[in-house]
Amino acid sequence: MHKQIEGSRAVAEAIAMCRPEVVCAYPITPQTHIVEALGEMVKGGKLTRCEFINVESEFAAMSVSIGASATGARAYTATASQGLLFMSEAVYNASGLGLPIVMTVANRAIGAPINIWNDYSDAMSQRDSGWMQLFAETNQEALDLHIQAFRLAEELSLPVMVCMDGFILTHAYEQVDMPTQHQVDAYLPPYEPRQVLDPREPVSIGAMVGPEAFMEVRYLAHARHMRALELIPQLAAEFKRGFGRDTGGLAHTYRTEDAETVVVSMGSVLGTIKDTVDEMRDDGRRIGVLGITSFRPFPLDLVRAALHKARRVVVVEKSLAVGIGGILSTDVRMALSGLHPHIYTVVAGLGGRAIARNSLHILFRKAEQDVLEALTFLDLDWNVVDKQLARERSVRRSGPAAENMLRDVGTIASKIA
Amino acid sequence: MPFQPIKFYQTGTFTVGNRLLKPEDRSVQSHRDRSNAINSGHRACQGCGEALGARYALDAAMEATNSQLIAANATGCLEVFTTPYPETSWQLPWMHSLFGNAAAVATGIAAALKVKGRNEVRVVAQGGDGGTTDIGFGCLSGMFERNDDVLYICYDNEAYMNTGVQRSSATPPAARTATTLPVGQNPGNVFGQGKFVPAIAMAHEIPYVATATVADLHDLEAKVKRAMEFRGARYIHLFVPCPLGWGTASHDTIRIARLAHETGLFPIFEAEHGLQVSALPIRRQLPVEEYLKPQKRFAHLFGAKPKWDVIARIQERADRNIRKYGLVQQETA
Ligand SMILES: Cc1ncc(C[n+]2csc(CCOP(=O)(O)OP(=O)(O)O)c2C)c(N)n1
Ligand code: SF4
Ligand SMILES: [Mg+2]
């Protein structure tokens, strides 16, 4: 059934159809609407056989999820940004213990400076945590990925993070095709844990492992991710049969057939990139797109297959690895090991900076002429940066950098776009 | 067979023949069919109060729940000496997640049991003083405030033992730890405001709060049993001497714990819904030196020139506890 609905609400309704048994909540913008909706459903009796727990921190939210999951309950939580960092120790613990928790990350920048808008600093900070990380391009995909995420997590006994762009997706009203409870039940069987705390069969979970086996236990996590590379497309195919929609999977190409230039990216910005590419195609330019859905595990072979014919690859990413540049682009480089296309890293959209089609046009044309720097900061205001650098050279007590720079920018809110 | 009322305040060995007691008053440990929840073979130091206390507490909880019990454990000595894989002392389902989240993990376990309709299975969370009064304090307070159905047991040995005896917020004034060495103007730990978590637990008005020491294991068992009669958040703060960290003789663990009670330095009481309902009386209050002297962590207070001013301040704390918790019964004519 098609429904005009807010992204967060759509995801919450999909989560409810997955019949979670324990839902933990701690508020942080822009995740709030998801957990508020779930709270309402539990309190109002629409979502039964579910404990909704308002905890005192994200660290507790993940810890409660760990306890619940280890006791055989299907557990769900959601967070973003500072919240994800605050729970980070437990994030690693959940995957180390092999607990199939599903968590939405409503992607948001990390401070300082504090900022509530979208980028991927939060999810990227946990990319080595052992969680699988799926990135949604649209609200429809966000909804669908959550349903697939529970299947994936529970089959592999590993947690899954479903990443959806804060505000751009979470707060956007658009039409989505809502599944029926019947469809979801047919796709997602009840959770059958591999390990469970139960007095009928006492086990010890989470004890120490020394050097004699730690590498092997950690390798097993990697092996499960490699297994996920096979399972994710299978689950997407099965999803298509049950729901009639082609969502999920590892990665998707768009107009790459004869492309000399391929743009690689993730999340909702793929929409803008595809529009730009359509316009460039209309001009006869050979450009295409590769959208990554599964960032962890990272589909190296698929990325290589999609890019091996390209003369150049432009990676547009909403994250910054300070001191080197790109994160996604480093992974793309690994996929292309031994091949020699030009690879450009474009850091864009940090802290909610709009990624405009206009800027992308200029960027991609520069790439086509191979006059792009290896590392580009899209639409960076050099004026503001240079002024601050000059200030720091001339006075020792130059003061808080962010304040200075905003004074130079002038009025604040209007500059976000 | 007639039973005479037994009062558990004999000094010395504290052994009371079970045959003098009514069956229901007999110690859980004395039962042949006790659960041995923490089995022998673990790696605790000789005379470890924490190992002793945990064994009694968990066996009592196992008996009270008919062995329908799950434990969540914080990082610390108890976690480390009862494992590592593939060895485990735990004869009940047991989980270690992190240092600071035992209370929240227990909340999750309790929530899962609730949705699954397994109301007969109960949950205990446990941690050291560091895992409870410091790093796990947020999760603990959250669990209290929500009144989750969890019994939390804090094994208080007054420092971070597992990492080599560093100061925690439960370390007493003047005590030597690896981070409060007996050097400088004010040797040992500072006289701070203190952080007595049982009182903080009471401020949450949770159904049941109790303190106990390993000197009176019968009292401990009774309190665990009592705790299991309530639903909701419960807290037991157990005083457990640590021979290694305190510099005490292994055979003195019980004696030191008893002295902590008899000097008034560690008050033993119960509270229900925020109000104190009982206190284990001190028959004859002993001066704090008797407690401090046998412990190397306080050795810098004694020697050729005892620091009477510092000892007097510690004595004040003991006297205050006695007044506050009514530990010395007024003689009635
Ligand atoms: C987040 C985190 N910080 C620090 C540690 C190191 N650590 C492990 S056990 C421990 C001390 C435990 O002290 P306490 O809780 O009092 O238990 P005890 O060992 O004294 O019984 C510390 C500091 C850790 N494991 N995790
Ligand atoms: S260091 Fe202390 S608490 Fe730890 S095992 Fe030894 S005696 Fe017990
Ligand atoms: Mg301790």
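This is a short walk through a metal site, a ligand site, a cavity and one histidine in the structure above.

Hi everyone, and thanks for coming. Before we start, please keep in mind that this is a predicted model.

Let me begin with the magnesium ion, ligand 3. Which protein atoms act as its donors? There is an OD oxygen of Asp129(B), OD1 of Asn157(B), and the backbone O of Ala159(B), and they lie 2.0 to 2.1 Å from the ion. If you have the sequence open, you can follow these donors along the chain with the spacing D-x27-N-x1-A. As for their surroundings, Asn157(B) and Ala159(B) are both buried.

Asp129(B) also takes us to our next stop, ligand 1. A side-chain N or O atom of Asp129(B) sits 3.0 Å from an oxygen atom of ligand 1, so please keep this residue on screen, since Asp129(B) is also one of the magnesium donors.

How many residues surround ligand 1? The count is 17, and the closest are Glu50(B), Cys77(B), Gly130(B), Gly131(B) and Met161(B). Those names are from chain B, but the site is shared between chains, because the residues around ligand 1 come from both A and B. The backbone takes part in contacts here too: an N or O backbone atom of Met161(B) is 3.0 Å from an oxygen of the ligand. For Asn162(B), a polar backbone atom is likewise placed 3.0 Å from an oxygen atom of ligand 1.

Now for some empty space. Searching the whole structure turns up three cavities of 30 Å³ or more, and the largest of them holds about 50 Å³. What kinds of residues line the largest cavity? Five are nonpolar, four are polar, and none is charged. Among the lining residues are Leu134(A), Gln148(A), Ile232(A) and Thr293(A). Two helices of chain A, helix 7 (139-156) and helix 9 (214-243), each give at least two residues to this lining. Helix 7 has the largest share, with three.

Last, a quick look at His182(A), which you will find in helix 8 of chain A, residues 181-187. Is His182(A) buried or exposed? With a relative accessibility of 64%, His182(A) counts as exposed, because the cut-off for that class is over 50%. You might also like to pick out Met17(A): His182(A) is 165 residues from Met17(A) in sequence, while their C-alpha atoms are 8.9 Å apart in space.

That's my tour, and I'm happy to go back to any of these sites with you.

Notes:
Residues are numbered from 1 along each chain as its sequence is written. Chains are lettered from A and ligands numbered from 1 in the order in which they are written. This is a predicted model: local features need pLDDT of at least 70, side-chain atom pairs count only at pLDDT 80 or more; totals for chains, interfaces and linings use all residues. Side-chain values use heavy atoms; hydrogens and water are left out. On a 1 Å grid over the protein atoms alone, a cavity is a set of points where a 1.4 Å probe fits but cannot get out, and a pocket is an open set with protein on both sides within 12 Å along at least five of seven lines; lining residues have an atom within 4 Å of a point. Grid points are joined across faces, edges and corners, and a volume is the space filled by probe spheres set on the points. Helices (H or I, at least four residues) and strands (E, at least two) are DSSP runs, numbered from the N terminus. Ala, Val, Leu, Ile, Met, Phe, Trp, Tyr, Cys and Pro count as nonpolar, Asp, Glu, Lys and Arg as charged, and the others, Gly among them, as polar. Donors are N, O and S atoms within 2.8 Å of the metal (3.2 Å for Na, K and Ca); water is not among the atoms, so sites may look incomplete. Buried means under 20% relative accessible area, exposed over 50%, partly exposed in between (1.4 Å probe, protein chains only). A residue is near a molecule or strand if one of its heavy atoms lies within 4 Å of it. A polar contact is a pair of N or O atoms within 3.5 Å; within protein, one must be able to donate a hydrogen and the other to accept it, and residues adjacent in sequence count only if both atoms are side-chain atoms.
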